[in-house]
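Me: Could you walk me through this protein chain, one question at a time? I would like to see the reasoning behind each answer.

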Amino acid sequence: MALNFNRLLMITAVLSRRLGLKLGNQDIMVNVTGGLKIDEPAADLGIALAIASSFRGHQCRPRVSSGRGNRFGAAELRAVPQLDRRVIEAARLGF
């Protein structure tokens, strides 16, 4: 499995609790390109944004990088390692 099922449940629970999204009766599928395994907390917020935007029918702006200040994540915004390198790489890719 590319994304831990319990992690996905946590992300959807946070979206339900904090944003009031009624996701209990929704089919939620997360696909990770190339079969990569995601165990990086920095991916949580991106996954949460994708789920919320799909549920609400609103597209995220193209080329957006998710995060706030020096923090990324969904259940709680927390610091991630090598933030400077991540920001530089995101800028290099046009985000």
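Reply: Happy to help; what follows goes from the whole chain to its helices, its core and some single residues. This is a predicted model, in which local features need pLDDT of at least 70, side-chain atom pairs count only at pLDDT 80 or more, and totals for chains, interfaces and linings use all residues. Residues are numbered from 1 along each chain as its sequence is written, and side-chain values use heavy atoms, with hydrogens and water left out.

Me: What pattern does the chain follow along the sequence?
Reply: Helices (H or I, at least four residues) and strands (E, at least two) are DSSP runs, numbered from the N terminus. The chain has three helices and two strands. Read along the sequence, their pattern is α-α-β-β-α.

Me: What percentage of the residues in the chain is buried?
Reply: Buried means under 20% relative accessible area, exposed over 50%, and partly exposed in between (1.4 Å probe, protein chains only). The chain has 95 residues, and the buried share of them is 26%.

Me: How much area does the chain expose?
Reply: Accessible areas come from the Shrake-Rupley method with a 1.4 Å probe, and for residues only the protein chains shown count as cover. Carbon and sulfur atoms supply 52% of what the chain exposes. The exposed area comes to about 7,200 Å².

Me: What share of the contacts with a separation of 6 or more is between residues 24 or more positions apart?
Reply: Contact means heavy atoms within 4.5 Å. Among contacts in the chain with a separation of 6 or more, residues 24 or more positions apart account for 65%.

Me: How are helix 1 and helix 2 oriented to each other?
Reply: Two packed helices are described by the angle between their axes and the distance between the axes. Here the axes (lines fitted to C-alpha atoms over the stretch in contact, with angles from 0 to 180 degrees between N-to-C directions) are 10 Å apart, at an angle of about 55°. Angles under 35 degrees count as roughly parallel, over 145 as roughly antiparallel, 65 to 115 as roughly perpendicular and the rest as oblique. Helix 1 and helix 2 are therefore oblique.

Me: What is the handedness of the crossing of helix 1 and helix 2?
Reply: A crossing is left-handed if the near helix is turned anticlockwise from the far one by less than a right angle, and right-handed if clockwise. The contact involves residues including Leu-8, Ile-11 and Thr-12 of helix 1 and Ile-47, Ala-48 and Ile-51 of helix 2. The crossing is right-handed.

Me: Which helix gives the largest share of the largest nonpolar core?
Reply: A nonpolar core is a set of buried Ala, Val, Leu, Ile, Met, Phe, Trp, Tyr and Cys residues joined through side-chain atoms within 4.5 Å. The largest one has 10 residues, among them Leu-3, Leu-21, Leu-23 and Ala-52. Helix 1 and helix 2 (43-56) are the elements that give two or more residues to this core. Its largest share, four residues, comes from helix 2.

Me: Is Ile-51 buried or exposed?
Reply: Ile-51 lies in helix 2. Apart from neighbours within four places in sequence, Ile-51 is in contact with Leu-8, Ile-11, Thr-12, Leu-15, Leu-23 and Ile-28. Because its relative accessibility is 11%, Ile-51 counts as buried.

Me: Is Thr-12 buried or exposed?
Reply: Thr-12 is found in helix 1. Not counting residues up to four places away in sequence, Thr-12 touches Leu-23, Ile-28 and Ile-51. With a relative accessible area of 12%, Thr-12 is buried.

Me: What is the relative accessible area of Met-10?
Reply: Met-10 also sits in helix 1 (residues 5-19). Its C-alpha is 9.6 Å from that of Asp-44, 34 residues apart in sequence. Met-10 is partly exposed, at a relative accessible area of 46%.

Me: Is Gly-24 buried or exposed?
Reply: Gly-24 is placed in the loop between helix 1 and helix 2. Because its relative accessible area is 82%, Gly-24 is exposed.
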